[in-house]
Amino acid sequence: MKLILPNPRGFCAGVYMAIDVVEQLVQMGQDKPIFVYHEIVHNKHVVDRFRRRDVTFVDSLDEVPMGSIVVFSAHGVSPALRRQAVDLELTAIDATCPLVTKVHAEAIRYAEKGYQILLVGHADHQEIVGTRGEAPDAIQIVSSAKDIPGLQIRDPDRLVYLTQTTLSMDDLSKIIDALRDAFPNIKAPPSDDICYATTNRQKAVHAIAAECDLVLVVGSKNSSNSVRLTEIAEASGTAAYLIDDKSELDKDWFEGVDRVLITAGASAPEDLVREIVLYLIEEYDGDVEQRDIYHETIEFGLPLTLKKFMRAHGIDGENRRIVRDDAVALDGWLEAQGITHQTVGMTIGATG
Ligand code: SF4
């Protein structure tokens, strides 16, 4: 069995940063408990690992005792929630991904200019809830082209669309076509809102899925970008499954299967991918081919709120960065395990 692993897969810069925020707080050994508003990133294992280290995840700030430390997750929060944190005298540490913050800033700017904003995304996703909160009177949500006839538009010449960062590029382009048909003068965001990590992982699956018999996407069911990767693989005609970890593998999936693409959503830890690789090698005598599609170089430093908090406790977090170099790291790991592997370069014009 050939196991194909694309680079990039798994953690993006925003997820590395958000997880590191909680990690730094845990390591600081505060005497106060640490609360995180929503899952820090949408991954069951990431959340469970922090739970085991006494981090508490809440869906409402009403659950957080006055004066506690609270981390806002990578998906961002609304201004109303920030105000609630101030009222509760919480020490709020903001782990919102800067690429989500960029969309918030666009929403604020267009609302101030008097535009109506069509926010394309999944209405109940944390990111959309947070972005919408920046200008609730100016923003309407578009989840699919079917929502377009129900929109209340004041002036079709003062209309802009913005999007969730983790949508499928294919789905979005259909929705944008339908929006342009309905409102020919609608403005596009100044730069793409779908982030580089979503784009690159989707392009990799697009490029490779059709030559495989099976695609495994490691990620949680509530991870938007992981679900999109699974859909993209299925759309290419290859059976695809979204799994949290090795325990969800089903032997029936592998009957007559010679080539398996194993990728991971932006919030899925690499060690879960490696467990699956080891298992499949043992069960099916597989070897590994890495496809180096794009070497991502984006990295984010710690958020200002955390740096300030660390400074107040005599810790310098100013220049801290998490550097990703999965291709190199995987080579070393494969060699250490004695696993036959090769790395194939494959340029498909990815970004970031
Ligand atoms: S998927 Fe994109 S927007 Fe979301 S955390 Fe990662 S880099 Fe940021």
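What follows is a walk through the domains, sheets and ligand surroundings of this chain. The model is a predicted one, and residue numbers simply start from 1 along the sequence as written.

The chain splits into three domains. Domain 1 is pieced together from residues 2-12, 196-300 and 319-345, while domain 2 covers 14-97 and domain 3 covers 99-182. The centres of domain 2 and domain 3, taken over C-alpha atoms, sit 27 Å apart. These two domains do touch, with 11 residues from domain 2 and 11 residues from domain 3 taking part in the contact. On the domain 2 side, that set breaks down into 4 nonpolar residues, 7 polar ones and no charged ones.

Next comes the sheet of 6 strands. This sheet is open, its pairing is parallel, and reading across it gives the order β10-β9-β11-β1-β12-β13. At the edges sit β10 (239-243) and β13, each of which pairs on one side only. Going from neighbour to neighbour, the strands are turned by 25° against each other on average, ignoring direction.

The pairings around β12 can be followed residue by residue. Strand β1 (residues 2-7) runs parallel to strand β12 (residues 287-292), and 6 bridges join the two. Among the residues involved, Pro6 has Arg291 of β12 as its bridge partner. β12 also pairs with strand β13 (residues 341-345), again in the parallel sense, this time over 5 bridges. Here Val288 stands opposite His341 of β13, and Gln290 has Thr343 as its bridge partner in that strand.

Two helices lie across strands of this sheet. Helix α8 (residues 224-235) lies across β9 (214-218), β10 and β11 (259-264), and runs at about 165° to β10. Helix α9 (residues 270-284) lies across β1, β9, β11 and β12, with an angle of about 165° to β11.

There is also a sheet of 3 strands, open as well, with the order β7-β6-β8 and parallel pairing. Its edge strands are β7 (139-142) and β8 (159-163), and each of them pairs on one side only. Neighbouring strands in this sheet are turned by 30° against each other on average, direction ignored. Strand β6 (residues 116-120) is joined to β7 by 4 bridges, and the two run parallel. Within that pairing, Ile117 faces Ile139, which belongs to β7. Helix α4 lies across β6, β7 and β8, running at about 170° to β8.

That leaves the ligand. It has 15 residues around it, and the closest are Cys12, Gly14, Cys97, Thr165 and Cys195. Three helices each give two or more residues to this shell, namely α1 (13-28), α4 (98-112) and α7 (196-208). Of the elements, α1 makes the largest contribution, with 3 residues. So α4 turns up twice in this account, once lying across the sheet of 3 strands and once in the shell around the ligand. In terms of residue type, the shell is made up of 10 nonpolar residues and 5 polar ones, with no charged residues.

Definitions and conventions:
This is a predicted model: local features need pLDDT of at least 70, side-chain atom pairs count only at pLDDT 80 or more; totals for chains, interfaces and linings use all residues. Two strands pair if DSSP finds at least two bridges between them. A residue is near a molecule or strand if its C-beta atom, placed from the backbone, lies within 6 Å of it. Ala, Val, Leu, Ile, Met, Phe, Trp, Tyr, Cys and Pro count as nonpolar, Asp, Glu, Lys and Arg as charged, and the others, Gly among them, as polar. Domain bounds come from an automatic or database domain assignment. Two residues are in contact if their C-beta atoms, placed from the backbone, lie within 7 Å. Axes are lines fitted to C-alpha atoms, for helices over the stretch in contact, and angles run from 0 to 180 degrees between N-to-C directions.
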